[in-house]
Amino acid sequence: MSDPKLRINFERLQADVDALAGIGRHEDHGLYRMAFSDGDMAARAWLQERIEEGGLDCYVDGAANIHARLDWDGERASVMTGSHMDTVPGAGHLDGALGVLVGLECLRCIRELGLPLRYPLESVAFTDEEGRFGGMFGSQAISGQLTPDVIHNARDLDGIALSEAMARRGHNAMDALRARRAPESVHAFVELHIEQGPVLDRRGFSVGVVDAIAGLFKWNVSLIGEANHAGTTPMDMRNDAFQGLAEIGGEIPRILEENGGTRSVATIGRVELFPGAANVVPGRAMFTLEVRDTEVEVLAELADAFRRAISAIARRRDLMFEFEVLSEIESVKCDPGIVEVIHESTRALGVEPLQMPSGAAHDAQIMAAITRAGMIFVPSKAGRSHSPAEWSPWEDIETGANVALNTLYRLAV
Ligand SMILES: [Zn+2]
């Protein structure tokens with residue numbers, strides 16, 4: 001195969017990024033395009049117009065995922081790309097949106113060049129990735145991971161049911177079960193996304209090739225001691241639940257060093273003390289512990305190590321402890337063949353990529369259940385994301401989009 005080194009139409013991509021950044025914006029508070037909100041609906045209508053204007057087929061599946069399709073015949077497996085347009089409240093303009101717009105641009109370019117394809121191309125805007133109703137709804141629908149129960153029970157924080165929100169927008173939520181795709185109908189999946197972390201920016205790389213998406217466990221831990229008068233209870237006669245929590249917090253670096261890998265991270269992100277008064281020794285300390293790594297075995301070993309440490313500290317300090325598993329998500333390896341194609345496409349453009357893990361969850365992780373999946377990262381300035389401060393230099397966006405274009409083309413011929 002000759003190497004045509006394809007280039008996207010950068011001005012057109014820029015115009016799309018700017019246009020979509022204006023949809024669902026609340027002045028300087030960022031974007032509000034939560035799934036099936038007015039902002040999300042406006043973005044959906046805008047995207048469908050762009051798809052049709054670009055001479056591509058537009059298809060909306062049962063989960064309200066919007067597909068742009070090139071050379072589609074419903075028979076051959078497709079090379080799929082895409083990401084999401086929904087946002088968290090107060091979001092930046094690139095999270096998800098960039099992957100959708102780059103996917104659209106890649107299909108338009110290949111169509112305009114009239115390049116023959118062995119596999120049709122498909123770019124998807126997935127529904128509710130960010131989790132107004134739980135998250136990853138669209139990709140779970142396509143990869144067949146939804147059940148009628150999950151759909152029926154999905155609600156947002158205000159108690160609005162997913163089925164009600166979808167009905168209001170003319171969709172039947174149960175149709176999401178019909179969005180399922182057979183594994184043999186998807187040849188590969190590649191998602192371009194901003195990194196949402198500081199690594200590429202700090203280390204001066206303009207492209208990241210993701211080799212694995214981290215898994216995690218999230219616990220809610222309670223240490224139970226005895227609430228007592230802060231003035232009259234001598235230090236050696238206390239059962240101070242906070243002291244136990246503080247010691248566990250202090251153990252995190254040692255546990256990661258001894259039982260983790262170079263990619264392990266652990267966070268105590270939420271703490272509550274009871275009764276929570278300045279003059280009362282805390283009788284109960286509740287905290288969340290979230291730990292991530294890309295290796296299943298490492299994560300299992302970390303779970304053991306944290307359990308042992310919590311139990312030892314509780315015993316030594318005469319505290320009781322309880323813990324509840326809030327969630328467990330398995331890590332996912334990207335397909336080595338696709339990782340290699342992304343590397344080659346990047347180097348062919350004269351750019352050296354950084355191979356790295358993704359610490360955040362993405363639709364690609366869900367799609368990996370039915371197809372070979374890979375991800376391309378574009379740097380996030382100072383690692384800022386889920387905030388109006390989120391941005392990436394235009395040069396890096398252009399490079400990333402060209403990597404996506406060449407990667408999709410190589411996979412489709
Ligand atoms: Zn995202």
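1. Helix H2 and what follows. Just after H2, Gly55 adopts a positive phi of about 75°. The model is a predicted one, and this glycine is a convenient place to begin reading it. Helix H2 itself covers residues 38-53; at 1.5 Å a residue its 16 residues should span 22 Å, and the end C-alpha atoms are 23 Å apart, which agrees.

2. The buried side of H2. Which residues of H2 are buried? They are Gly39, Asp40, Ala43, Arg44, Trp46, Leu47, Arg50 and Ile51. Two arginines, Arg44 and Arg50, and one aspartate, Asp40, are therefore on the list alongside residues such as Trp46 and Leu47, since buried here means under 20% relative accessible area. The buried residues of H2 pack against helix H1 (10-21), strand E1 (57-60), E2, H3 and E4.

3. The zinc site. The zinc ion has His84 (NE2), Asp95 (OD) and His193 (NE2) as its protein donors, at 2.0 to 2.2 Å. Along the chain these donors follow the spacing H-x10-D-x97-H. His84 belongs to strand E3 (residues 78-84), while Asp95 sits in the loop between E3 and helix H3 (97-113), eleven residues apart. His84 is buried, at 0% relative accessibility, and Asp95 is buried as well, with a relative accessible area of 5%.

4. A buried salt bridge. Searching the whole structure gives 28 salt bridges. One of them pairs Glu122 with Arg69, whose closest N and O atoms are 3.0 Å apart. Because Glu122 lies in strand E4 (residues 121-126) and Arg69 in strand E2 (residues 66-70), the pair ties together parts that are 53 residues apart in sequence. Glu122 has a relative accessible area of 0% and is buried; Arg69, at 9% relative accessibility, also counts as buried. Strands E2 and E4 are both among the elements that the buried residues of H2 pack against.

5. Salt bridges with partly exposed partners. Asp71 and Arg76 meet through their side chains in a salt bridge of 3.7 Å, N to O. Asp71 counts as partly exposed at 37% relative accessibility, and Arg76 is partly exposed at 27%. Arg307 and Asp304 form another salt bridge, at 3.2 Å from N to O. These two residues are three apart in helix H9 (residues 296-316), so about one helical turn separates them. Arg307 is partly exposed at 35% relative accessibility, and Asp304 is partly exposed at 39%. Elsewhere, salt bridges with shared partners join Arg12, Asp16, Glu105, Arg108 and Glu112 into one network.

6. The largest pocket. How is the largest pocket lined, and by which residues nearest its centre? The lining has 43 residues, and Arg292, Ser358, Gly359, Ala360 and Ala361 lie nearest the centre. Elements giving two or more residues to the lining are helix H7 (199-203), strand E7 (215-224), strand E12 (284-293), strand E13 (320-329), strand E15 (354-358) and helix H11 (363-367). E15 provides the largest share, five residues. The volume of the largest pocket is about 1,100 Å³.

7. Ile213. This residue lies in strand E6 and is buried, with a relative accessible area of 1%. Leaving out neighbours within four places in sequence, Ile213 is in contact with Thr294, Ser331, Val332, Ser358, Ala360, Ala361, Ala364, Gln365 and Met375. Ser358, Ala360 and Ala361 are also among the lining residues that lie nearest the centre of the largest pocket. The C-alpha atoms of Ile213 and Glu330 are separated by 8.9 Å, with their positions 117 residues apart along the chain.

8. Helix H12 and Ser206. Helix H12 (residues 394-412) has 19 residues, which at 1.5 Å each should span 27 Å; the end C-alpha atoms are 27 Å apart, in agreement. H12 is mostly covered, with 15 of its 19 residues buried. Ser206 lies in the loop between H7 and strand E6 (208-213) and counts as buried at 16% relative accessibility. Not counting residues up to four places away in sequence, Ser206 touches Val351, Phe377, Val378, Pro379, Asp396 and Thr399. Of these, Asp396 and Thr399 fall within the residue range of H12.

Notes: Residues are numbered from 1 along each chain as its sequence is written. This is a predicted model: local features need pLDDT of at least 70, side-chain atom pairs count only at pLDDT 80 or more; totals for chains, interfaces and linings use all residues. Side-chain values use heavy atoms; hydrogens and water are left out. A salt bridge is a side-chain nitrogen of Lys or Arg within 4 Å of a carboxyl oxygen of Asp or Glu. Helices (H or I, at least four residues) and strands (E, at least two) are DSSP runs, numbered from the N terminus. Buried means under 20% relative accessible area, exposed over 50%, partly exposed in between (1.4 Å probe, protein chains only). Donors are N, O and S atoms within 2.8 Å of the metal (3.2 Å for Na, K and Ca); water is not among the atoms, so sites may look incomplete. The expected span of a helix is 1.5 Å times one less than its number of residues. Contact means heavy atoms within 4.5 Å. On a 1 Å grid over the protein atoms alone, a cavity is a set of points where a 1.4 Å probe fits but cannot get out, and a pocket is an open set with protein on both sides within 12 Å along at least five of seven lines; lining residues have an atom within 4 Å of a point. Grid points are joined across faces, edges and corners, and a volume is the space filled by probe spheres set on the points.
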